[in-house]
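Reader: Hi! I've got a fresh model to look at and would love a quick tour. Could you put it up on screen?
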Amino acid sequence: MPRETSENNRHLAARRKMVETNLIGRDIYDRNVIRSMLKVPREEFVGEGEKETAYEDHPIPIGKGQTISQPYIVALMLQYLEIKAGDKVLDIGTGSGYHAAVMAEMGAMVYTVEVIEELKERAAAAFDKLGYKNIFLKRGDGYNGWPEEAPFKAINVACAPRYIPQPLIGQMAEGGKMILPLSDRMNRPQRLVLVKRDGDKISRREVSYVAFVPMVREKTRE
Ligand code: SAH
């Protein structure tokens, strides 16, 4: 189908330009991140009407009041996590599924949790269509992580809690890393925080300013 081919070529060109300008052109140097973001078709993770803007460097609505994160922030978070092929990783806030797909493309075994059922279903359909076999999804409150599958080498959080969820710290592997947006101070921008575990020692460092949706806690039924 010639039309589809030219459409694919157009998306590929936009993808390459995004990687060159917004990733390499800034401070992204991790080869595994760059290679994976050159591969994952971001247009498959946005709505029909958004395909032509899929590669612009800003968040795009994905329905239910949520957004797919901007490519640069996705790359920056993954660069801090230093994910290697074969790593078991946890992704909180599946959203469109794009962030999880990039981690899967890096060779990780990805466990991703989304609180909104409809978004989880849509992401599952995109993973199926693209043939990702190393992504496992569940609907739930990501505050609790995925205890049955812990520990994780890396934890990526794409919604902002007010404090670092203790269950997630508990699910970090020895030498593991977690990156998350924190909105713990009123009227102050969210900060992107890198958490590391070395033995019993947990260290944290602020690495950037970000603007993620809040982590919505699931109400526990009495
Ligand atoms: N990583 C996503 C960006 C998602 S936006 C992507 O690449 O598209 C943040 C997502 O976090 C939203 O889909 C939102 O529904 C979800 N979210 C908010 N609170 C959550 C919680 N407690 N547990 C799991 N997911 C949550």
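Author: Happy to. Keep in mind that this is a predicted model. Let's start with a strand pair: S3 (residues 88–92) and S4 (residues 109–114) run parallel and are joined by five bridges.

Reader: Nice. Which residue in S4 is the bridge partner of Lys88?
Author: Met109 is the partner of Lys88. In the same pair of strands, Val89 stands opposite Val110 of S4.

Reader: And what packs on the sheet there, touching S4 and S5?
Author: That's helix H5, residues 117–130. The direction of H5 makes about 165° with that of S5.

Reader: OK, zooming out, in what order do the strands of the sheet come?
Author: The order is S5-S4-S3-S6-S7-S8-S9, seven strands in an open sheet with mixed pairing. At the edges sit S5 (135–139) and S9 (201–210), each pairing on one side only. On average, neighbouring strands are turned by 15° against each other, ignoring direction.

Reader: Back to S4 for a second. How many of its residues are buried?
Author: Five of the six, so S4 is mostly covered. Thr112 is a good one to click on, as it lies in this strand. With a relative accessibility of 0%, Thr112 counts as buried, because the cut-off is under 20%.

Reader: Which side chains does the Thr112 side chain make polar contacts with?
Author: There's one with the side chain of Asp91, at 2.8 Å, and one with the side chain of Thr94, at 2.7 Å. Beyond its neighbours within four places in sequence, Thr112 is in contact with several residues, including Ala100, Phe127, Phe136, Leu137 and Trp146.

Reader: Switching to helices: why do you call H4 largely enclosed by the rest of the structure?
Author: Because seven of the eight residues of H4 are buried. They are Tyr98, His99, Ala100, Ala101, Val102, Met103 and Ala104. Just after the helix, Gly107 has a positive phi of about 100°.

Reader: Then the hydrophobic side of things. Which residues have the most contacts inside the largest nonpolar core?
Author: Met37, Leu78, Ile83 and Tyr98 do, in a core of 49 residues. Among the elements that each supply at least two residues of this core are H1 (2–24), H2 (31–39), H4 (98–105) and strand S8 (190–198). Helix H3 gives the most, with eight residues.

Reader: What does Met37 touch, not counting residues up to four places away in sequence?
Author: Quite a list: Arg15, Met18, Val19, Leu23, Pro71, Val74, Ala75, Tyr98 and Val102. Apart from this core lies another one of 20 residues, with Trp146, Met178, Leu180 and Leu182 among them. You met Trp146 a moment ago as a contact of Thr112.

Reader: Last topic, the ligand. How many residues surround it, and which are the closest?
Author: There are 25 around the ligand, and the closest are Ser96, Glu114, Asp141, Gly142 and Val216.

Reader: Which ligand atoms do Ser96, Glu114 and Asp141 face?
Author: For Ser96, a polar side-chain atom lies 2.6 Å from an oxygen atom of the ligand. The side chain of Glu114 has an N or O atom 2.6 Å from a ligand oxygen atom. With Asp141, a polar side-chain atom lies 2.9 Å from a nitrogen atom of the ligand.

Reader: Great, thanks for the tour!
Author: My pleasure, enjoy exploring!

Definitions and conventions: Residues numbered from 1 in each chain as written. Predicted model: local features only at pLDDT ≥ 70, side-chain atom pairs only at ≥ 80, totals over all residues. Heavy atoms only, no water. Pairing = 2+ DSSP bridges. Helix = DSSP H or I, 4+ residues; strand = E, 2+ residues; numbered from the N terminus. Axes fitted to C-alpha atoms, helices over the stretch in contact; angles between N-to-C directions. Contact = heavy atoms within 4.5 Å. Core = buried A, V, L, I, M, F, W, Y, C linked by side-chain atoms within 4.5 Å. Buried < 20%, exposed > 50% of the residue type's maximum accessible area, 1.4 Å probe, protein only. Near = heavy atom within 4 Å. Polar contact = N/O pair within 3.5 Å; in protein donor to acceptor, adjacent residues only side chain to side chain.
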